[in-house]
Amino acid sequence: MSKPPSRPAPVLRTVDADDETIQRFAHGLRIAEALLFASPEPLAEETLARMLPQGVAVQAVLAELAALYHNRGVNLLRVAGKWMFRTAPDLGYLLRKESHEEKKLGRAALETLAIIAYHQPVTRAEIEELRGVSTNKGTIDALLEGGFIRLRGRRRTPGRPVTFGTTETFLIQFGLDKVGDLPSLSELAGMGMAEPVLSTLAMPLPTDDPALRADEDPLEPDLFEAMFEQRLEEEAETPPLDPDGADMSADRENPPRPRPDPDG
C-alpha cells in the first residue's frame, strides 16, 4: 500500500503563554488568515504586513499558512504576485455547478490569448501573422471585456496600431504568479498541446512588464472623454438662470440703472 503524500510541517511552534513573541506570531497568523478568507481579490504582502503586529514577518506568516493549508480543501497560493485562498485543484469539479453558466472562451479566443501572453506587446496584425488567419474584432473585444487583455500603447510603425498585453485577471484566472510561469514550447509539446517538432523553435520569454518599450508610444487620451470633460467645465462656468428662465449673464454685464424718484 502506497503511503499518502506527506505535507510540509508547520513552522509555528506550540504557543507558550510566557512567550510573547510566539503569541504575537500566532495572533498575526489569525489576522492574515481572516483577511485572506474575507478578501474577494488577492492581497499583496505589503497590504498584509500593515495589518500584522509589530515585529511579525509577513513572509513567515504566509509560509506557515501555506503549510497549514497544504493538502486541505483550500490552498494558499501566490498568484499575480499576491496571495489568495483557492479551492484545491482536485476538488474543483465539486464547485462547477453554478446557478449561471459562465461563457467559455472559444478556440480562436484562446489561441489569440496565448499569442498575446507569449509575444506581448503584440499588435492585431502580428497576431494574425502568427495564427495564419485573420482575427475577428469580436475575439479581441471578448478578451478585453473579460479583462484578460489590455491596451498597452501604440507601435511606432505606419498606422500606429494598438499593442496588447495581458492583465492581472489573466494571471488569477490561470493560477499564475507571473506570466513567466507559462509553460515553454517544449513543455507544451510534452503535454500533447503542441507538435514535438515545434519544441525546437525559438519562443520569446514571456513578460508582462507594464513599461512601454522603445517601439511603443503611450495611448492618447480618449477624445470623447476629453470633449465630455470640457463640456462639463463650460457648463460649470455658465451663469445660472433666474426663476423665470431668463439668462442673468446679460444683467451682470449691464446692470439696470436706478429709476428716478418721481417725488424727488
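Residues 1-18 sit at a pLDDT under 50 throughout, yet the model still gives this stretch 28 contacts beyond four places in sequence. A second stretch, residues 197-201, also has pLDDT below 50, and here the model shows five contacts beyond near neighbours in sequence. This is a predicted model, so these two stretches are simply reported with their confidence values. For the protein as a whole, the mean pLDDT comes out at 78, with 69% of residues reaching 70 or more.

Turning to individual residues, aspartate 177 is found in the loop that links helix H7 (168-173) to helix H8 (185-190). Its relative accessibility is 19%, so aspartate 177 counts as buried, the cut-off being under 20%. What surrounds aspartate 177, once neighbours within four places in sequence are set aside, is a group made up of Arg78, Val79, Ala80, Gly81, Lys82 and Leu171. With glycine 81 there is a polar pairing to point out: a polar atom of the aspartate 177 side chain lies 2.7 Å from the backbone nitrogen of glycine 81.

Over at the surface, Leu144, Leu151 and Leu219 make up a nonpolar patch of about 210 Å². Of these residues, leucine 219 belongs to the loop between strand S6 (216-217) and helix H9 (223-237). Leucine 219 counts as partly exposed because its relative accessibility is 34%, a value that falls between the 20% limit for buried and the 50% limit for exposed.

Definitions and conventions
Residues are numbered from 1 along each chain as its sequence is written. This is a predicted model: local features need pLDDT of at least 70, side-chain atom pairs count only at pLDDT 80 or more; totals for chains, interfaces and linings use all residues. Side-chain values use heavy atoms; hydrogens and water are left out. pLDDT is the predictor's confidence in each residue, from 0 to 100. Contact means heavy atoms within 4.5 Å. Helices (H or I, at least four residues) and strands (E, at least two) are DSSP runs, numbered from the N terminus. Buried means under 20% relative accessible area, exposed over 50%, partly exposed in between (1.4 Å probe, protein chains only). A polar contact is a pair of N or O atoms within 3.5 Å; within protein, one must be able to donate a hydrogen and the other to accept it, and residues adjacent in sequence count only if both atoms are side-chain atoms. Patches are made of residues with over 30% relative accessible area and no salt bridge: like charges are joined within 9 Å, nonpolar side chains (Val, Leu, Ile, Met, Phe, Trp, Tyr) within 5 Å. Accessible areas come from the Shrake-Rupley method with a 1.4 Å probe; for residues, only the protein chains shown count as cover. A salt bridge is a side-chain nitrogen of Lys or Arg within 4 Å of a carboxyl oxygen of Asp or Glu.
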